[in-house]
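Student: I have a model open beside its sequence, and I would like to understand one part of it properly. Please take me through it slowly, and then show me how other parts are put together.

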Amino acid sequence: MFQPNNILGGELQQQLQNIPQEVNNNTPQREMPRVREEELDSKSGSDNHEGASGSGDDQDQNQPARKKRYHRHTQRQIQEMEAFFKECPHPDDKQRRELGRELGLEPLQVKFWFQNKRTQMKTHHERHENTQLRTENEHLRMENMRFKEALSSAACLSCGGQTTIGEMSYNEQQLRLENARLREEIERISGIASKYVGKPMLPQYLAPRVPSHISLDPSVGSFGMQLGMGGEMYGATEILQSMPQPEIDKQMVVELVVVAMDELIRMATIGQPLWIPAYDGSIEILSEEEYVRMFPHGIGPKRLGMSSEATRETAVVVMNHINLVEILMDVNQWANVFSNIVSRAVTQEVLVAGAGGNYNGALQLMSAEIQVPTPLVPARESYFARYCKQHNEGTWAVVDVSLDCLRPGPLMRCRRRPSGCVIQEMPNGRSKVTWVEHVEANYQKIHRMFKTIVSFGIAFGAKRWLATLDRQCERLAIVMASGNAGGDGVITTQEGRKNMMKLAERMVTSFSAGVCGSIAHSWTLVSGNGAEDVRVMMKESINDPGRPSGIVLSASTSFWLPHSHKRVFSFLRSENSRNEWDILASGGTVEEMANLANGREPGNSISLLRVNSSNANHTNMVILQECCTDPTGSLVIYAPVDTSSMNMVLNGSNPDYVALLPSGFSLFPDGTGGSLLTVSFQILVDSVPTTKLSLASITTVNSLVSSTIGKMKALIREQA
C-alpha cells in the first residue's frame with residue numbers, strides 16, 4: 001500500500017488545471033462506460049486517453065471535433081499497475097497520485113486505466129460465468145438422462161423382475177444411482193492404473209476379492225490401484241477429501257501418485273492449447289481453462305486465496321538418464337545440485353525402495369523448503385510424495401504431489417499439484433528433460449517488486465529448475481574431466497579443482513541461507529535494526545568448522561535498477577572497479593590469480609582474486625569468488641579466505657574445515673529491461689558467541705550496506 005505524501009500547493013494547482021472540465025464539475029464521478037469487445041481482447045491498459053472531452057453544450061458546433069490522443073503505456077507501467085490492481089482494484093486519489101508519480105503518469109491516466117481494467121475484469125467474469133453455466137447445464141442434462149436409464153433398468157429386490165419408480169423407496173433410488181456412478185469411476189481409474197502396472201486391472205465387482213493392504217508388483221516396479229473397504233475405488237477428488245487423518249493412509253498415497261503420474265505424462269507431452277507462450281515468449285505457462293477441461297477430475301479444485309503458477313521447460317543436459325534419476329531420488333544429492341533453490345530437504349519415509357536394484361517404482365514421502373535469494377520473497381514449505389517410474393526403455397518420469405491434507409498443520413502456503421520431469425535417454429551420455437512445475441501459493445507476503453517474476457514462474461518455475469540442473473551438469477562434467485590444469489599454474493591437479501568447486505558450492509549455499517533466513521540454518525531475525533529496507537539476522541556460530549566462531553550478522557536488501565540483467569552482472573564480476581565499492585579491496589587493486597570454467601556461459605566461473613595493497617591485512621588473504629548466470633538470474637558470491645588455508649585446499653586437504661563468511665549479489669531480470677538486485681553481507685561482529693549483540697554493530701552493518709549500494713549505483717550510472 002502506498003503511503004500518502006504531502007503535495008505542494010503549486011503542484012496541486014497544476015494537477016487541477018490539467019483535469020478536464022467534466023471532472024471539475026461537482027456532479028458525482030461515474031465509472032467509465034464499458035469498452036468495446038475488441039479493446040477487451042487487447043493487452044489491458046496498453047492504450048489510454050490523455051484526457052476527457054468537455055461538455056457538448058460548450059463545444060462550438062462549427063469547429064471539427066478534436067482528435068483523441070492516446071497514450072501507450074510501457075511494459076513496466078502495465079506490470080506495476082497490474083500488480084497494484086491485484087491488491088487494490090479501487091485506489092483512492094492519494095494512491096493514484098503516488099502510483100502516477102512512481103510510474104511517470106498523470107493521476108487521471110491512472111484513474112482511466114483502473115476504470116478500464118475493472119470493466120474488462122467484469123466482462124471476463126461474465127463470460128466465464130456463462131461458460132460455467134453452459135457446462136453445468138450440459139452436465140445436468142446428461143445426469144438426468146443417466147438417471148432415467150438407471151431407473152428404467154432397475155430390478156425388484158424380492159422377485160428380480162422389472163419394477164417401476166413407485167415401487168422403489170427414495171433412498172433405494174439414490175443408492176442405485178450412486179452405485180452406477182461409482183462403477184463408472186472404477187472403470188476410469190482402473191484404465192489409468194493398468195497403464196502403469198503393465199497388466200489389465202479388473203474392477204472389484206468383476207474380480208475376486210483381494211486384501212485391502214497395499215499390494216506391490218516388483219516385476220514392473222509400480223503399484224496396483226487398491227479398493228476400499230466397501231468395494232468402491234477412490235477417484236482423485238475423493239482421495240483428497242478423505243485424506244485429513246492423524247496417520248498417513250499409505251493406500252491413498254499409492255492411489256494418488258498413480259493419478260499424479262498420469263497427469264504429469266500428459267502435461268509433459270501435450271502442446272497448445274494447454275500450454276501457451278508468455279512473458280517475453282521464452283516461457284510456457286498453463287492455460288487454466290484448458291487444464292480444467294482436460295483434467296476435470298484432477299486432484300481437487302484450487303484452494304481459496306491461492307494463486308496458480310504452472311510452467312514447462314525442455315532442455316538437453318550433459319548427463320545420462322540413470323544418474324539424473326538417482327540425483328532426484330536421493331534427497332542429499334537433490335538438495336546439493338539445487339542448493340540455490342532447495343534450502344532444506346528431508347525424506348520422511350520410504351514407502352517403496354524400488355525394484356531390480358534401481359528406483360523403478362520407488363515412492364518416498366518428503367518435506368522441503370524452496371527459496372529465492374531475496375529477503376522479499378518468503379520460502380515455501382511443502383510436504384509431498386515423490387514417485388519414480390520407468391515407462392519404457394530409456395524413458396523415466398519422477399512426479400511430486402502434495403500431501404498437505406494427510407497431517408494437520410499450520411495454514412498452507414504452498415501446494416504442489418503434479419509436478420516433476422520426464423527424462424529421455426539421448427546419445428553421447430546426454431538426456432532430454434521436460435520439466436513441469438505446477439503449484440498453488442499464497443502471495444500475501446511477497447513484496448510487490450517481485451510479484452511479477454513470481455507469478456510468471458521465473459522465480460520458482462520450471463525454467464529456473466531446469467537452468468540450474470543444466471548448469472550443475474556442466475559443473476560435474478568439468479570436475480570429472482582430466483587435464484584443464486587451471487589458470488596461471490595455481491590449480492594443477494584434478495583433486496585441487498574438485499576441492500575448489502566444493503568450497504565454492506558451500507559458499508553459495510551459506511550465502512543463500514543468510515539471505516532467505518531458512519529455518520534449517522538457525523538464523524534469528526533482529527528487530528528494530530534502524531533500517532526498514534534492510535533485513536538483519538544473527539547467528540551464534542559455535543563448533544562450526546565451516547564458519548568463524550562468534551556472533552555473525554547477515555544484512556540483506558533488494559532494490560530495482562534501470563539497467564539490464566547482463567550489464568549489471570558484467571559490472572559485478574569485473575575486477576576493474578572492484579576497489580571502489582568492495583571494502584575487501586579498498587585502497588588496492590584486484591588481480592585474478594586463477595580462473596576455473598564452471599559452464600559454457602562465459603560468466604560461469606570460479607576464481608581466486610588477490611588484492612595488491614599496502615594494507616597488511618590483505619597480504620595473507622585471497623578472495624574466493626563464484627559467478628554463475630542463466631536466463632532466469634545470476635549470482636556473484638565471494639568470501640575472503642586465508643592464503644595458507646587455500647593452498648591446503650588446492651593441495652588436496654578437506655575444504656569443509658575452511659571458515660567462510662560469504663557476501664555477494666543475486667540478480668533477476670524484471671522483464672522490462674531492468675533488473676532486481678539483492679545485496680547481502682555476512683560479518684563477524686564478535687568472536688565470543690555468548691556476547692550480547694550491540695546496537696553499534698547493527699548500525700555498522702546497515703551503514704556498510706547503504707554505502708556499498710550508493711557506490712555501485714553511481715559507478716553503473718557512470719559506465720552507462
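How many helices and how many strands does the protein have? Once that is clear, please take a close look at strand β14: is β14 largely enclosed or not, and why?

Tutor: Happy to! Please keep in mind that this is a predicted model. The protein has 20 helices and 23 strands. Its chain holds 720 residues, and 49% of them count as buried. The accessible surface comes to about 35400 Å², with 51% of that belonging to carbon and sulfur atoms. Among contacts with a separation of 6 or more, 66% are between residues 24 or more positions apart.

Now to your strand. β14 covers residues 431-441, and ten of its eleven residues are buried, so β14 is largely enclosed by the rest of the structure.

Let us go through its pairings one by one. Strand β7, residues 307-317, runs antiparallel to β14, and eleven bridges join the two. Within that pairing, serine 308 has glutamate 440 of β14 as its bridge partner. Strand β12, residues 414-416, is also antiparallel to β14, joined by three bridges. Here arginine 415 is the residue to find, since you can trace its bridge to glutamate 440 in β14. Glutamate 440 is thus a good place to pause on screen: it is the bridge partner of serine 308 and of arginine 415.

Strand β13, residues 419-425, is joined to β14 by six bridges, again antiparallel. In this pairing cysteine 421 stands opposite tryptophan 435. β13 and β14 form a hairpin with five residues between them, and asparagine 428 in that turn has a positive phi of about 60 degrees. As background, strands of a sheet pair through backbone hydrogen bonds, either parallel or antiparallel.

What meets this hairpin from elsewhere in the chain? Look at leucine 264, which sits in helix α9, residues 250-269. Leucine 264 is buried, with a relative accessible area of 0%. Leaving aside neighbours within four places in sequence, leucine 264 is in contact with Val398, Val399, Ser419, Gly420, Cys421 and Val436. Cys421 in that list is the residue opposite tryptophan 435 in the hairpin pairing. The C-alpha atoms of leucine 264 and valine 422 are 8.3 Å apart, although 158 residues separate them along the chain.

Moving on along the chain, you reach helix α13. Six of its eight residues are buried, so α13 is largely enclosed by the rest of the structure. The buried ones are Arg448, Phe450, Lys451, Thr452, Ile453 and Val454. Just after α13, glycine 457 takes a positive phi of about 80 degrees. Helix α4, residues 75-87, and α13, residues 448-455, cross at roughly 100 degrees, with their axes coming within 10 Å. That makes α4 roughly perpendicular to α13. On the α4 side the contact uses Gln79, Glu80, Ala83, Phe84, Lys86 and Glu87, and on the α13 side Arg448, Lys451, Thr452 and Ser455. By type, the residues of this contact divide into two nonpolar, three polar and five charged.

For another helix contact, turn to α15 and α19. Helix α15, residues 494-516, and helix α19, residues 643-650, pack at an angle of about 125 degrees, with axes 7 Å apart. The two are therefore oblique to each other. Gly496, Asn499, Met500 and Leu503 of α15 meet Met646, Val649 and Leu650 of α19. These residues divide into five nonpolar, two polar and no charged.

α15 also leads us to another sheet. This open sheet has nine strands in the order β15-β16-β17-β23-β22-β21-β20-β19-β18, with antiparallel pairing. β15 (524-525) and β18 (589-597) stand at the edges with a single partner strand each, so one side of each is left without a neighbour in the sheet. At the β15 edge, two bridges pair β15 with β16, residues 535-541, in the antiparallel sense. One such bridge has threonine 524 with methionine 538 of β16 as its partner. α15 lies across several strands, including β16, β18 and β20, and runs at about 75 degrees to β20. Helix α20, residues 695-718, lies across β16, β17, β22 and β23, running at about 35 degrees to β17.

Terms used: Residues numbered from 1 in each chain as written. Predicted model: local features only at pLDDT ≥ 70, side-chain atom pairs only at ≥ 80, totals over all residues. Heavy atoms only, no water. Axes fitted to C-alpha atoms, helices over the stretch in contact; angles between N-to-C directions. Helix = DSSP H or I, 4+ residues; strand = E, 2+ residues; numbered from the N terminus. Parallel < 35°, antiparallel > 145°, perpendicular 65-115°, else oblique. Contact = heavy atoms within 4.5 Å. Nonpolar A, V, L, I, M, F, W, Y, C, P; charged D, E, K, R; others polar. Buried < 20%, exposed > 50% of the residue type's maximum accessible area, 1.4 Å probe, protein only. Areas by Shrake-Rupley, 256 points an atom, 1.4 Å probe, with all protein chains shown as cover. Pairing = 2+ DSSP bridges.
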